[in-house]
Amino acid sequence: MQLFPIDEKREIAIVDSEENGAIFAAIRFISIGQKAISRHKSFSVALSGGSTPKKLYEKLLLPQYANGLNWSQTKVFWSDERIVPLDDPESNYGMAMRYFSKEPLDESKKFPMYSNEKELVQAAANYEKLIKKQCFEERFDLMLLGIGDDGHTASLFPHTEALKIENALAAPNYVEQKKCWRLTLTYPCINNARNTIVLAYGAAKAHVLKKILLENDDPDTYPAQKIGRGKGTVLFIIDKAAAAELSL
Ligand code: 6PG
């Protein structure tokens, strides 16, 4: 694994496989959680959806990682959600619960972003209230994100309204590209996290990662360019195929 700083907030870890990426991410996840609990008696994390984090979630359940964290102090949120029932195959909550349904998470510390509310503006406002109540200093200790091959992150898709939000932590967002509504954390929330881990693997993400990591002039087209403009640190864990256009 090779580490490359991008700027004072962002660094890249290039791993030789998704397996090793998941192991590195699990070690970081547990270490961030331990530090948060020792500093302020809780660990708040926003999980990502999509397929990339699945290997990480599998690793986190292995005793050599799971035993390193006090899960009863761990509060789990989501960085975005599809507008579907929690048991729908499309649900990001449902995907994570296929790993964390029983052990080791505390039922009372899992906070799904969407549970069949009719009114999405109210659902987003409720989530913001929950974040402010549950997260120490209203900031996540860890934000877990993926990157779409169009440069989106969470459900902050190119040229969508939620990219403009500066005064809310969560929002509904109509995604024209998918002809559907999503709920998503916003830049003010994401960039206020103490630590962020971004996972991206595969050649299909190589071009957009070059735009995101080496350029910063067009966040409306490449929303993930704006990750890392806050107070926290951001670690991009990517494989060699995804790093192909970075010429590091
Ligand atoms: C979602 C995710 C989304 C995801 C990217 C990457 O709800 O789909 O939160 O932002 O992280 O689309 O998805 P993959 O991990 O499947 O490539």
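1. The ligand of this predicted model sits in the largest pocket. Here a pocket is an open set of points on a 1 Å grid over the protein atoms alone, with protein on both sides within 12 Å along at least five of seven lines, and sitting there requires more than half of the ligand's atoms to lie within 2 Å of its grid points.

2. Look next at the neighbours: 16 residues surround the ligand, and the closest are Thr-52, Asp-80, Arg-82, Ala-154 and Lys-205 (a heavy atom within 4 Å counts as near). This shell divides into two nonpolar, ten polar and four charged residues, with Gly counted as polar.

3. Polar side-chain atoms of two serines face ligand oxygen atoms: Ser-51 at 2.7 Å and Ser-48 at 3.5 Å. The side chain of Arg-82 has an N or O atom 2.7 Å from a ligand oxygen. Of the 410 Å² that the ligand exposes when taken alone, the protein buries 87% (Shrake-Rupley method, 1.4 Å probe).

4. As for the whole protein, the C-alpha trace spans about 45 × 45 × 35 Å along its principal axes.

5. A reading note: residues are numbered from 1 along each chain as its sequence is written. Local features need pLDDT of at least 70, side-chain atom pairs count only at pLDDT 80 or more, totals for chains, interfaces and linings use all residues, and side-chain values use heavy atoms, leaving out hydrogens and water.

Notes
A polar contact is a pair of N or O atoms within 3.5 Å; within protein, one must be able to donate a hydrogen and the other to accept it, and residues adjacent in sequence count only if both atoms are side-chain atoms. On a 1 Å grid over the protein atoms alone, a cavity is a set of points where a 1.4 Å probe fits but cannot get out, and a pocket is an open set with protein on both sides within 12 Å along at least five of seven lines; lining residues have an atom within 4 Å of a point.
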